[in-house]
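I sat down today to look at how the chains in this model meet. My notes follow the structure below.

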Amino acid sequence: MIREIEVTTRAREELVDVTAEVSRVIAESGVRSGMAFVFCPHTTAAVTINENADPDVRRDIVSWAAGTVPRKADWRHGEGNSDAHVKVVLTGPCQPIPVEAGRLALGTWQGVFLCEYDGPRARRLLVKVMAG
Amino acid sequence: MIREIEVTTRAREELVDVTAEVSRVIAESGVRSGMAFVFCPHTTAAVTINENADPDVRRDIVSWAAGTVPRKADWRHGEGNSDAHVKVVLTGPCQPIPVEAGRLALGTWQGVFLCEYDGPRARRLLVKVMAG
Amino acid sequence: MIREIEVTTRAREELVDVTAEVSRVIAESGVRSGMAFVFCPHTTAAVTINENADPDVRRDIVSWAAGTVPRKADWRHGEGNSDAHVKVVLTGPCQPIPVEAGRLALGTWQGVFLCEYDGPRARRLLVKVMAG
């Protein structure tokens, strides 16, 4: 089964928690044991898994990335978002997550996040669920 | 089904578009709905998904990586390619991609790239396709 | 099939080779052809695939990360481990690996590593094996 999740981002750079939306797709799929894949079909946004408790962790991630991959630099690409493309390479476009007992087998502190690097925009994620 | 793709790289560092080759494997597999996994069995090359329109995006990625993970630095590994090993950690050796309607479910601007970080060399990628 | 691997780390930052433990799970699963997923359910540790021959490669990876994502910086998160959270984003929490002929289809020089970024600690990895 594959489903699409829509996400509206509100800043140029932010991590948006999509754990509840992804979990809903797992529940709908009826899959008890298998794998879920959260895939981002954009080239200036990505997906990651990290701490879902203190929102300062997300801010530190965004802020480190902004410092290390600066928006303004000697980029060749003319659209002013080369930093976002580089951050997508570093973060990755897809996160595989085991599904057990009909749920995402995430650790206690893990959440799933869309990483917006060139927003605000309307984004979508594909969630594929495979039994096995 | 699993297939091997051969790629000859031409520079020490470059991103080579392999989208057509990966798409051909999906077509041959006959899988209509499932997942594809593009896996790089090397430790100084990797796989990523990013913009396939403006080649300057690829150049910006390679050039940012060269600046942030310098070839010459206080490395311990004696082969002079520690920067390539680090870039493989950052990029990742495998990209999972959903397959729908018998095709890679990539976004409009996405292509699949072999990331050469210690070429030029003869490289290979494994493409595994699973139905489900 | 899914199995848990326990890993005891001994330093704040280190890469621990878990290739043998992951291979054992593949053997136990009886899967001849399919995919394995090595998933880290922690937010300050990750999984990567890189050279398993010269241990200096691992040291270079850890040392580059320590320099580029410093432990002490202008972080907001109060626990003193924001650097570890950032490194997990860069490394990734899950590595998919093809399984062929009942074995991990790794390249000659590849090993699977738990990346400890905030140890020493007791860690665990989930290894999921899917046939297909």
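**Entry 1: chain A against chain B**

I began with polar contacts, keeping in mind that this is a predicted model. Between chain A and chain B I found twelve residue pairs in polar contact, with both partners at pLDDT 80 or more. I then asked which elements of chain A supply at least two residues each to the side that touches chain B. My list reads β3 (34-39), α3 (82-91), β5 (94-100) and β8 (122-131). The largest share comes from α3(A), with six residues. Sorted by class, this side of chain A has 16 nonpolar, seven polar and two charged residues.

Next I looked up the extent of the contact. Here 25 residues of chain A are in contact with 32 residues of chain B. The two chains bury about 2400 Å² between them, and carbon and sulfur atoms give 66% of that area. I counted one salt bridge between chain A and chain B. It joins the side chains of Lys128(A) and Glu100(B), at 3.2 Å from N to O.

**Entry 2: how the copies are related**

What turn lays chain A on chain B? I got a turn of 120° with a shift of 0.0 Å along the axis, and the RMSD is 0.0 Å. That is the relation of a three-fold axis. I also looked for the C-alpha of chain A nearest the axis, and that is the one of Leu90(A), 3.1 Å away from the axis. The copies use different surfaces, since 20% of the contact residues of chain A recur in chain B.

**Entry 3: chain A against chain C**

I turned to the other neighbour. This contact takes 32 residues from chain A and 25 residues from chain C. The buried area is about 2400 Å², with 66% of it on carbon and sulfur atoms. Which three residues supply the most of the area that chain A buries against chain C? They are Asp60(A), Trp64(A) and Gln110(A), and together they supply 25% of it.

I noted one salt bridge between chain A and chain C. The side chains of Glu100(A) and Lys128(C) form it, at 3.2 Å from N to O. There are also twelve residue pairs in polar contact, both residues at pLDDT 80 or more. On chain A, the elements giving two or more residues to this side are β3, β4 (45-51), α2 (55-68), α3, β5 and β8. Of these, α2(A) gives the most, with seven residues. By class I wrote down 16 nonpolar, ten polar and six charged residues for the side of chain A that touches chain C.

Notes
Residues are numbered from 1 along each chain as its sequence is written. Chains are lettered from A and ligands numbered from 1 in the order in which they are written. This is a predicted model: local features need pLDDT of at least 70, side-chain atom pairs count only at pLDDT 80 or more; totals for chains, interfaces and linings use all residues. Side-chain values use heavy atoms; hydrogens and water are left out. Contact means heavy atoms within 4.5 Å. Buried area is the accessible area (1.4 Å probe) that two parts lose on being put together, summed over both. A salt bridge is a side-chain nitrogen of Lys or Arg within 4 Å of a carboxyl oxygen of Asp or Glu. A polar contact is a pair of N or O atoms within 3.5 Å; within protein, one must be able to donate a hydrogen and the other to accept it, and residues adjacent in sequence count only if both atoms are side-chain atoms. Helices (H or I, at least four residues) and strands (E, at least two) are DSSP runs, numbered from the N terminus. Ala, Val, Leu, Ile, Met, Phe, Trp, Tyr, Cys and Pro count as nonpolar, Asp, Glu, Lys and Arg as charged, and the others, Gly among them, as polar. Copies are superposed by least squares on the C-alpha atoms of residues with pLDDT of at least 70 in both.
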